[in-house]
Amino acid sequence: MSDGAAPGARVVGLKRRREYLAAARGLKAGRDAFLLQAVRRGGDAAAGEVGVGITVTRKIGGAVVRNRARRRLREALRRVLPGPARAGHDYVVVARPGALSQPFVELVRDLGSAIRGLSGRLGDGKRA
């Protein structure tokens, strides 16, 4: 597709701290259950990839609660990606307390709309 959407892109997990820090300096879109951050990936080899990371801090709760939030967000991402994401970009989802209580269907819908919103704005430097 010419609009940069990534239906055939490979989804890869972010592994390095610097990838998360780079995304934190990128565009942001906030929702009740999460904050989504996006930034262009570095290097030519990453052009056909969509990088994805999830961050759940101790503010959310103990280990069991954080793991539940992480599992919910991971499954929501699995259902949404790579569709609306732009190839060659990294997306980081930062959990908020609403990630635990929001109905799953709404979580998936919000995640999809946030990714579409940021993907449409990548390159123009504005917040979604």
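**Salt bridges in a predicted model**

Arg79 counts as exposed, at 53% relative accessibility. The structure discussed here is a predicted model.

User: With which residue does Arg79 form a salt bridge?

Analyst: The partner of Arg79 lies in helix α2, as Arg79 itself does, and the two are four residues apart, about one turn of the helix. The closest N and O atoms of the pair are 3.0 Å apart, and the partner is Glu75.

User: How far apart are the closest N and O atoms of Glu75 and Arg78?

Analyst: Both residues belong to helix α2 (residues 63-80) and are three residues apart. Arg78 is exposed because its relative accessibility of 56% is over 50%, whereas Glu75 is partly exposed at 24%. A salt bridge joins Glu75 and Arg78, with the closest N and O atoms at 2.6 Å.

User: Is Asp90 buried or exposed?

Analyst: Asp90 lies in strand β5 (residues 89-95). Its relative accessible area is 6%. Since the cut-off for burial is under 20%, Asp90 is buried.

User: Which residue forms a salt bridge with Asp90, the closest N and O atoms being 2.7 Å apart?

Analyst: The partner is found in the loop between β3 (34-40) and β4 (49-55), 49 residues from Asp90, so that the pair links distant parts of the chain. This partner is buried, with a relative accessible area of 15%. The residue is Arg41.

User: Which residues are linked with Arg41 and Asp90 in a network of salt bridges?

Analyst: Arg41 and Asp90 form a salt bridge with each other. The network that holds them also includes Arg10 and Glu49.

How values were computed:
Residues are numbered from 1 along each chain as its sequence is written. This is a predicted model: local features need pLDDT of at least 70, side-chain atom pairs count only at pLDDT 80 or more; totals for chains, interfaces and linings use all residues. Side-chain values use heavy atoms; hydrogens and water are left out. A salt bridge is a side-chain nitrogen of Lys or Arg within 4 Å of a carboxyl oxygen of Asp or Glu. Buried means under 20% relative accessible area, exposed over 50%, partly exposed in between (1.4 Å probe, protein chains only).
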